[in-house]
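User: I have a protein model open and would like to learn how to read it. Can we go through it step by step?

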Amino acid sequence: MVETRENYEHILTQIIRNQMVRSAHTKEEVFSILSVIPDPEIPVVNIQEMGMLRDVQINDEHGFIIILTPTYTGCPAMHIIEQDIRMTLHTKGVYPAEVKLVYDPAWTTDWMSDVAKAKLKAYGIAPPLHSSCSQDVFAHNIIECPQCHSHDTVMISRFGSTACKSLFQCNDCKEPFEYFKCH
Ligand SMILES: [Zn+2]
């Protein structure tokens, strides 16, 4: 076959078209693929249980659009999560795909599933109360000790290992523990 410019352009068009072909995954499959990705700060819960993975949109022009809402603005873990998402999609052959960070509406602890809250507790972190809780819950022995379930607890520090947690101590078992602040 003679290599004409027309032939070349035909091949090029085919290559471009082939790249734009979307992998045959459904929205549910992509959700399920991504739900294995752990929260880098609390590895026992995944990004879907945390309510960070908001939506998977399928678009003819851009392919799969992963809608992600960060738990806290400027949370350094977001870069790790984005990388994990890209790597996981690549490994599982989901293409083309892009990650879109959405800050509005802002993430709230109310988006955490009950499963996530139960896992947090089993991990030793007191799960957040409903976001409507006021700051004075700290003074009223409301936060339950994840070790012995006593409510006789006291806040030691407003900030724990990360800004989204407070440090508490249980007056019964004397164990310190973290409380995931409602937000
Ligand atoms: Zn206790």
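User: Which pattern does the protein follow, read along the sequence?

Analyst: This is a predicted model. It holds four helices and seven strands. Read along the sequence, they follow the pattern α-α-β-β-α-β-α-β-β-β-β.

User: What percentage of the residues count as buried?

Analyst: A residue is buried if 20 or more other C-beta atoms lie within 10 Å of its own. The protein has 183 residues, and the share that counts as buried is 23%.

User: In which order do the three strands of the open sheet come?

Analyst: The pairing in this open sheet is mixed. Strand S1 covers 53–59 and strand S3 covers 97–101; both stand at the edges. Each has a single partner strand, so one side of each is left without a neighbour in the sheet. The order is S1-S2-S3.

User: By how many degrees are neighbouring strands of this sheet turned against each other on average?

Analyst: Direction is ignored for this angle. The average turn between neighbouring strands is 20°.

User: How many bridges join S2 to S3, and which residue in S3 is the partner of Ile67?

Analyst: Strands of a sheet pair through backbone hydrogen bonds, either parallel or antiparallel. Strand S2 spans residues 63–68 and runs parallel to S3. The bridges joining S2 to S3 number five. Within S3, the bridge partner of Ile67 is Lys100.

User: Which strands does helix H2 touch?

Analyst: Helix H2 takes in residues 27–34 and packs on the sheet. The direction of H2 makes about 140° with that of S1. The strands touched by H2 are S1 and S2.

User: Across which strands does helix H3 lie, and at what angle to S3 does H3 run?

Analyst: Helix H3 is made of residues 77–91. This helix lies across S2 and S3. Its angle to S3 is about 160°.

User: Where are the cis peptide bonds at Pro96 and Pro105 placed?

Analyst: The bond from Tyr95 to Pro96 is cis, with omega near -20°. The bond from Asp104 to Pro105 is also cis, with omega near 5°. Pro96 sits in the loop between H3 and S3. Pro105 sits in the loop between S3 and helix H4 (114–123).

User: In which sense do S5 and S6 pair, and which residue in S6 stands opposite Ser157?

Analyst: Strand S5 covers residues 153–157, and strand S6 covers residues 165–170. Four bridges link them, in the antiparallel sense. Opposite Ser157 in S6 stands Leu167.

User: Over how many bridges do S6 and S7 pair, and which residue in S7 stands opposite Phe168?

Analyst: Strand S7 covers residues 176–180. S6 and S7 pair in the antiparallel sense over five bridges. Facing Phe168 in S7 is Phe177.

User: Is Lys174 buried or exposed?

Analyst: Lys174 lies in the loop between S6 and S7. Their hairpin has five residues between the strands. Phi of Lys174 is near 70°, a positive value in a residue other than glycine. Lys174 has 10 C-beta neighbours inside 10 Å, so it counts as exposed.

User: What about His149: buried or exposed?

Analyst: His149 is in the loop between strand S4 (125–126) and S5. His149 is not a glycine, yet it has a positive phi of about 70°. A residue is exposed if 12 or fewer other C-beta atoms lie within 10 Å of its own. His149 has 11 such neighbours, so it counts as exposed.

Notes: Residues numbered from 1 in each chain as written. Predicted model: local features only at pLDDT ≥ 70, side-chain atom pairs only at ≥ 80, totals over all residues. Pairing = 2+ DSSP bridges. Helix = DSSP H or I, 4+ residues; strand = E, 2+ residues; numbered from the N terminus. Axes fitted to C-alpha atoms, helices over the stretch in contact; angles between N-to-C directions. Contact = placed C-beta atoms within 7 Å.
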